[in-house]
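This report covers the main pocket, the nonpolar core and the aromatic residues of one protein chain. The structure is shown first.

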Amino acid sequence: MAEQEEQETPQRFTFGTVGFDARFPNTNQTKHCFQSYIDYHRCINAKGEDFVPCKQFWHAFQSLCPSDWVERWDEQRDNGIFPVDL
């Protein structure tokens with residue numbers, strides 16, 4: 001009897017986004033996006049990239065912010081012209 005090949009079951013992808021934040025009650029999430037980006041970078045500057053609670057901010061801005069904005073903000077931080085003190 002030949003061995004039966006085990007079929008791999010595909011892993012389920014769970015799509016999630018940021019939960020409700022009372023500071024940003026409206027549907028326009030631009031401020032929430034920007035604030036999450038700032039909070040993430042302040043968190044990793046204070047606690048380091050391995051600090052688990054910082055991941056919440058990372059997930060928030062990755063979910064809410066257009067990648068073009070994040071790239072522009074990263075360039076501004078690298079050039080020292082980002083408008084917020086991190």
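## Largest pocket

A pocket here is an open set of grid points with protein on both sides within 12 Å along at least five of seven lines, and its lining residues are those with an atom within 4 Å of a point. The model is predicted.

The largest pocket has a volume of about 170 Å³. Its lining consists of Val18, Gly19, Phe20, Asp21, Arg23, His32, Ser36, Asp39, Gln56, Phe57, His59 and Ala60. Two elements, α1 (30-47) and α2 (54-64), give two or more residues each to this lining. The biggest share comes from α2, with four residues. By residue type, the lining of the largest pocket has four nonpolar, five polar and three charged members.

## Nonpolar core

In soluble globular proteins, nonpolar side chains tend to be buried together. In this model the largest nonpolar core has twelve residues: Cys33, Tyr37, Ile38, Tyr40, Cys43, Ile44, Cys54, Phe61, Cys65, Val70, Trp73 and Phe82. At least two residues of this core come from each of α1, α2 and α3 (67-79). The most come from α1, which supplies six.

Cys43 is one of the core residues. Leaving aside residues up to four places away in sequence, Cys43 touches Gly48, Phe51, Cys54 and Phe57. Among these contacts, Cys54 is also listed in the core, while Phe57 belongs to the lining of the largest pocket.

## Aromatic pairs

Seven aromatic pairs are found in a search of the whole structure. One of them joins Tyr37 and Phe61 in an edge-to-face arrangement, with 5.2 Å centre to centre and 80° between the planes. This pair links distant parts of the chain, as Tyr37 lies in helix α1 and Phe61 in helix α2, 24 residues apart. Both Tyr37 and Phe61 are buried.

The rings of Trp69 and Trp73 have centres 6.0 Å apart and planes at 50°, so this pair is tilted; the tilted class takes angles that are neither under 30 degrees nor over 60. Trp69 and Trp73 are four residues apart in helix α3, and therefore about one helical turn separates them. How exposed or buried is Trp69? Its relative accessible area is 28%, so Trp69 is partly exposed. Trp73 counts as buried because its relative accessibility is 8%, and the cut-off for buried is under 20%.

## Aromatic cluster

Phe34, Tyr37, Tyr40, Phe61, Trp69, Trp73 and Phe82 form one aromatic cluster. Its members include Tyr37, Tyr40, Phe61, Trp73 and Phe82, which also appear in the largest nonpolar core.

Technical notes: Residues are numbered from 1 along each chain as its sequence is written. This is a predicted model: local features need pLDDT of at least 70, side-chain atom pairs count only at pLDDT 80 or more; totals for chains, interfaces and linings use all residues. Side-chain values use heavy atoms; hydrogens and water are left out. On a 1 Å grid over the protein atoms alone, a cavity is a set of points where a 1.4 Å probe fits but cannot get out, and a pocket is an open set with protein on both sides within 12 Å along at least five of seven lines; lining residues have an atom within 4 Å of a point. Grid points are joined across faces, edges and corners, and a volume is the space filled by probe spheres set on the points. Ala, Val, Leu, Ile, Met, Phe, Trp, Tyr, Cys and Pro count as nonpolar, Asp, Glu, Lys and Arg as charged, and the others, Gly among them, as polar. A nonpolar core is a set of buried Ala, Val, Leu, Ile, Met, Phe, Trp, Tyr and Cys residues joined through side-chain atoms within 4.5 Å. Buried means under 20% relative accessible area, exposed over 50%, partly exposed in between (1.4 Å probe, protein chains only). Contact means heavy atoms within 4.5 Å. Rings of Phe, Tyr and Trp (its six-membered ring) pair if their centres lie within 6.5 Å; planes under 30 degrees apart count as stacked, over 60 as edge-to-face and the rest as tilted.
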